[in-house]
Amino acid sequence: MTIELTTLPNGLRIVTENMPGLASASVGVWVAAGGRHERAEQNGIAHFLEHMAFKGTSRRTALQIAEEIEDVGGYINAYTSREMTAYYARVLQADVPLALDVISDIVLNPVFDAREIEVERHVILQEIGQALDTPDDIIFDWLQEAAYPDQAIGRTILGPAERVSAFGRDDLAGFVAEHYGPNQMIVSAAGAVDHEAIVRQAELAFGHLAPVTQSPLQKARWIGSERREVKDLEQVHFALALEGPGFLDPDLYTAQIYSTAMGGGMSSRLFQKIREERGLCYSIFAQAGANEDTGMFTVYAGTSQAEIGALCGLTIDELKRAADDMSETEVARARTQMKAGMLMGLESPSGRAERMARNLAIYGRVPDLTEMTAKIEAVSTGMVRDYAGRLIGGGKSALALYGPVAGAPALERLREGLAA
């Protein structure tokens with residue numbers, strides 16, 4: 001399998017990977033335009049725009065967009081993150097030109113029909129309502145806001161209902177003009193694909209576009225605070241975060257291995273100590289997320305009002321203990337889990353296309369898998385222990401709680417526990 005990259009004169013990058021033996025392919029457009037690119041008054045518009053891309057173009061109705069892909073047995077979707085919006089499709093080999101034509105059409109030619117804007121506004125408001133009714137979903141938005149208050153990176157991707165209720169055609173078109181230049185876009189395709197054919201088609205679709213000068217991202221400032229939302233639920237939903245490394249930080253792989261060892265599976269420390277030994281929760285996990293210039297180590301659990309104090313105390317104890325006695329066996333297991341997860345995810349063309357686009361956006365190149373595997377293997381037990389010590393010693397934490405939270409300790413008390 002060979003990765004090929006072509007950059008057009010206007011800055012559009014086209015990256016492909018042919019996967020011999022496959023009869024299908026994944027193709028999409030990744031745009032460097034997410035929640036972090038919004039001004040405060042625009043919060044939620046990147047996600048609104050993603051929805052509107054499927055609501056009709058100058059060439060296709062909303063129904064035709066869906067029918068043309070599904071008539072050939074394909075699948076089309078999109079997502080918005082804090083730093084990127086992606087539009088992608090999975091189709092059989094013969095239908096790759098159709099998929100790229102539909103994707104380029106919805107990205108470049110949305111009509112923003114007034115009636116469709118109103119319909120989709122209601123859909124998004126329902127999505128916001130659904131998130132608010134899903135405690136183990138909304139709590140991560142609140143945690144993000146508690147970590148980065150009054151910053152673009154701290155705002156919800158969906159946006160507040162009052163903002164979504166006010167967006168109009170000019171707002172959508174303005175965001176496109178600001179952020180949807182060819183130099184902010186990556187066409188990525190993997191599977192049964194021909195690089196030169198995709199380059200030719202992408203050049204016809206995007207080659208006429210003029211580059212756009214995009215404002216730099218607001219630098220992330222981890223502040224850390226606490227948010228408590230009282231609600232009559234069966235459980236207290238608990239999410240604790242500590243500042244972690246961004247994508248370009250040399251600690252990135254160490255942080256990911258540490259989080260896997262702490263809460264990445266049934267054999268992890270937090271799962272074994274808090275669920276298996278003490279029975280304090282049904283669900284508990286840890287994860288390390290990264291952005292361009294910052295990251296977040298997160299622990300999440302759901303427990304009863306009577307047990308929240310004990311759960312918090314044990315979580316703090318385990319985070320501290322890892323700095324002293326994280327074992328070779330635990331680190332080796334976490335390294336293997338991380339490698340296996342990465343490689344298993346790349347068995348599909350969708351995973352390959354996603355990986356290429358993300359790496360190209362972050363690093364300006366697509367690292368070889370052997371290079372990434374070597375970085376994982378290079379993380380030693382000593383490095384993980386050292387990172388664990390620096391993480392808890394940094395004093396930068398954030399907390400979100402949702403449900404019957406009266407018995408939950410305050411963030412300041414958890415900080416004191418980490419520092420003790």
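What span should the 15 residues of helix 13 (residues 349–363) cover at 1.5 Å a residue, and how far apart are its end C-alpha atoms? In this predicted model, the expected span is 21 Å and the end C-alpha atoms are 21 Å apart, so the two values agree. Several residues of helix 13 are buried, among them Pro-349, Gly-351, Arg-352, Ala-353 and Arg-355. The list of buried residues continues with Met-356, Ala-357, Asn-359 and Leu-360. In general, an α-helix has 3.6 residues a turn, so residues three or four places apart point the same way. After helix 13 comes Gly-364, which has a positive phi, near 80°.

The account now turns to a sheet. Strands of a sheet pair through backbone hydrogen bonds, in either a parallel or an antiparallel sense. Here, five strands make up an open sheet with mixed pairing, and their order is 7-11-8-10-9. Strand 7 (226–230) and strand 9 (284–290) occupy the edges; each has a single partner strand, and therefore one side of each is left without a neighbour in the sheet. From one strand to the next, the twist averages 15°.

The partnership at one edge can be followed in detail. Strand 9 pairs with strand 10 (residues 295–303) in the antiparallel sense, and seven bridges join them. Within this pairing, Ala-288 has Phe-297 of strand 10 as its bridge partner. Helix 9 (residues 252–263) lies across both strand 9 and strand 10, and it runs at about 170° to strand 9.

A pair of helices deserves separate attention. Two packed helices are described by the angle between their axes and the distance between the axes. For helix 11 (residues 308–325) and helix 16 (residues 411–419), the axes come within 9 Å and cross at roughly 30°. Helix 11 is therefore roughly parallel to helix 16. Their crossing is right-handed. On the side of helix 11, the contact is made by Cys-312, Ile-316, Leu-319 and Lys-320, while helix 16 contributes Leu-414, Gly-417 and Leu-418.

Finally, a single loop residue may be considered. Ser-81 lies in the loop between strand 4 (75–80) and strand 5 (85–92). Is this residue, Ser-81, buried or exposed? Its relative accessibility is 17%, and because buried means under 20%, Ser-81 counts as buried. When neighbours within four places in sequence are left aside, Ser-81 is in contact with Gly-34, Gly-35 and Ile-157.

Note on methods:
Residues are numbered from 1 along each chain as its sequence is written. This is a predicted model: local features need pLDDT of at least 70, side-chain atom pairs count only at pLDDT 80 or more; totals for chains, interfaces and linings use all residues. Side-chain values use heavy atoms; hydrogens and water are left out. Two strands pair if DSSP finds at least two bridges between them. Helices (H or I, at least four residues) and strands (E, at least two) are DSSP runs, numbered from the N terminus. Axes are lines fitted to C-alpha atoms, for helices over the stretch in contact, and angles run from 0 to 180 degrees between N-to-C directions. Contact means heavy atoms within 4.5 Å. The expected span of a helix is 1.5 Å times one less than its number of residues. Buried means under 20% relative accessible area, exposed over 50%, partly exposed in between (1.4 Å probe, protein chains only). Angles under 35 degrees count as roughly parallel, over 145 as roughly antiparallel, 65 to 115 as roughly perpendicular and the rest as oblique. A crossing is left-handed if the near helix is turned anticlockwise from the far one by less than a right angle, and right-handed if clockwise.
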